[in-house]
Amino acid sequence: MSSMMSALSNWLVNPRRNPLARLHMHAVSSRLRKYGLRYDDMYDPYFDLDIKEALGRLPREVVDARIQRLKRAMDLSMKHQYLSEDLQAVQTPFRGYLSDMLALVKKERAEREALGALPLYQRTIP
């Protein structure tokens, strides 16, 4: 039963197999292209401390490029404008830069929990 549910969930989210997932991916892609963002830019480091740790481990150039994309998107949004068509054409919204490091951070956290070690960071309520 669980393998059938797993296969169904994989089919639902795979844009190559499910036409609705493909439509959703194209809608998200066009929206991100309008502002010059990547999908990984939408992760909030204040919401998930694993993301904050992964961003801290990335090279400075990658983090600076992320900050510049976010600033540009906020500026365009405030002006009620989009990127020009030629700049939208060269955007790559689904080229990830965070997923490998995030997977490593989550794996390390799970390993620390399995060994009974203290966590590197604690979530606190501000």
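The following exchange concerns a pocket and a helix pair in a predicted model.

Biologist: Which helix gives the most residues to the lining of the second largest pocket?

Modeller: The lining of this pocket, which holds about 150 Å³ of space, is made of Asp-44, Pro-45, Tyr-46, Lys-52, Leu-55, Val-63, Arg-66 and Ile-67. Two elements, helix H3 (49–57) and helix H4 (60–78), each give two or more residues to the lining. The most, 3 residues, come from H4.

Biologist: How many residues of each class, nonpolar, polar and charged, are in the lining of the second largest pocket?

Modeller: Among the lining residues are Pro-45 and Leu-55 as well as Asp-44 and Lys-52; the first two count as nonpolar and the other two as charged. By class, the lining of the second largest pocket has 5 nonpolar, no polar and 3 charged residues.

Biologist: Are H3 and H6 roughly parallel or oblique to each other?

Modeller: The axes of H3 and helix H6 (residues 99–115) lie 9 Å apart and form an angle of about 120°, and H3 passes H6 in a right-handed crossing. Because angles of 65 to 115 degrees count as roughly perpendicular and those over 145 as roughly antiparallel, the two helices are oblique.

Biologist: Which residues of H3 meet H6?

Modeller: On the H6 side, the contact includes Met-101, Leu-102 and Lys-106. The residues of the whole contact divide into 6 nonpolar, no polar and 6 charged. Those from H3 are Asp-50, Ile-51, Glu-53, Ala-54 and Arg-57.

Key
Residues are numbered from 1 along each chain as its sequence is written. This is a predicted model: local features need pLDDT of at least 70, side-chain atom pairs count only at pLDDT 80 or more; totals for chains, interfaces and linings use all residues. Side-chain values use heavy atoms; hydrogens and water are left out. On a 1 Å grid over the protein atoms alone, a cavity is a set of points where a 1.4 Å probe fits but cannot get out, and a pocket is an open set with protein on both sides within 12 Å along at least five of seven lines; lining residues have an atom within 4 Å of a point. Grid points are joined across faces, edges and corners, and a volume is the space filled by probe spheres set on the points. Helices (H or I, at least four residues) and strands (E, at least two) are DSSP runs, numbered from the N terminus. Axes are lines fitted to C-alpha atoms, for helices over the stretch in contact, and angles run from 0 to 180 degrees between N-to-C directions. Angles under 35 degrees count as roughly parallel, over 145 as roughly antiparallel, 65 to 115 as roughly perpendicular and the rest as oblique. A crossing is left-handed if the near helix is turned anticlockwise from the far one by less than a right angle, and right-handed if clockwise. Contact means heavy atoms within 4.5 Å.
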